[in-house]
Amino acid sequence: MAGFDRKSEHILRELSADGRVSNIELAERVGLSPSACLRRVQELERTGVIRGYRAVLDRAAMGAGFVAYIAVGLGSHTKASQEAFERAISRAPEVVECHNTTGTIEYLLRVECADLPAYKHFHTDILGAMPQVTSITSYVVMGSPKDERA
C-alpha cells in the first residue's frame, strides 16, 4: 500500500480481518500504545482510507445460496443509457455488486439469490427487460476458495 508506513498498513490489515477488534487488542497486535493506535485509526477514518465498518453476511444462511457474475453489454454507450441502467440496477436487491468496466462489456454484476429459478426470474424478467441491455453472459459460482470482500 503506497503512502502508508508499516504500522498503518498493519492496522488496516487487522481491521480488515476483524473490524470489531477493541482498540486495546488492536494496539497489542500492531505494537502501539492504545492512545497512539486510536489516533492512527481516527486519522485513517478522517482521511477516508477507512470508509466504514460492516458485518460480513453469510448469504447462503440467509437463503441466497446461488451466486453468479453477469457480464452485461449495452446497446448504446451514451451517458444517459449508462445512468438509466445504473438506476435500474440500484433497485434490484439481487445485485450486490455492479462495476462499470472497460473491454467488450460495460458492466460486471454480482448477483445473489435463492436458487436457479430465482436467478432465471432476475435474468429474464428484470435484467432482460431493461431496454439498454443487449447482451448477458452468466458465470455461475461453484465455489469461492478465496473471498476477502467485507
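**Close-up views of a predicted model**

**View 1. A salt bridge joins Glu-112 and Arg-110.** The two side chains meet at 2.7 Å, N to O. Both Glu-112 and Arg-110 are buried. The model shown here and in every view below is predicted. Salt bridges in the structure number nine.

**View 2. Glu-14 and Arg-29 form a salt bridge.** Their side chains come together at 3.0 Å, N to O. Glu-14 belongs to helix H1, and Arg-29 to helix H2 (residues 23–30). The pair therefore ties together parts that lie 15 residues apart in sequence. Glu-14 has a relative accessible area of 19%. Buried means under 20%, so Glu-14 is buried. Arg-29 is partly exposed, at 31% relative accessibility.

**View 3. Glu-14, Asp-18, Glu-25 and Arg-29 make one network.** Salt bridges that share partners join these residues. Two of the members, Glu-14 and Arg-29, are the pair that meets at 3.0 Å, N to O.

**View 4. Arg-46 and Glu-43 pair within helix H3.** The helix spans residues 34–46. The two residues sit three apart, about one turn of the helix. Their side chains meet in a salt bridge at 2.7 Å, N to O. Arg-46 is exposed, with a relative accessible area of 61%. Glu-43 counts as partly exposed, at 39% relative accessibility.

**View 5. The largest nonpolar core holds 19 residues.** Ile-70, Val-72, Phe-85, Leu-109, Tyr-119, Phe-122 and Leu-127 touch the most other members. Two strands and two helices each give two or more residues: strand S1 (66–74), helix H4 (79–90), strand S3 (107–113) and helix H5 (116–127). S1 supplies the largest share, five residues.

**View 6. Tyr-119 and its contacts.** Neighbours within four places in sequence are left aside. Tyr-119 is then in contact with Phe-66, Ala-68, Ile-70, Val-111, Cys-113 and Ser-138. Tyr-119 and Ile-70 are both among the core residues that touch the most other members.

**View 7. A second, separate core has 11 residues.** Its members include Ile-11, Leu-12, Val-21 and Cys-37.

**View 8. Confidence along the protein.** The mean pLDDT is 94. Residues at 70 or more make up 97% of the protein. Helix H1 (residues 6–17) has the lowest confidence, at a mean of 94. Strand S4 (residues 133–140) has the highest, at 98.

Methods
Residues numbered from 1 in each chain as written. Predicted model: local features only at pLDDT ≥ 70, side-chain atom pairs only at ≥ 80, totals over all residues. Heavy atoms only, no water. pLDDT = per-residue confidence, 0-100. Helix = DSSP H or I, 4+ residues; strand = E, 2+ residues; numbered from the N terminus. Core = buried A, V, L, I, M, F, W, Y, C linked by side-chain atoms within 4.5 Å. Buried < 20%, exposed > 50% of the residue type's maximum accessible area, 1.4 Å probe, protein only. Contact = heavy atoms within 4.5 Å. Salt bridge = Lys/Arg side-chain N within 4 Å of Asp/Glu carboxyl O.
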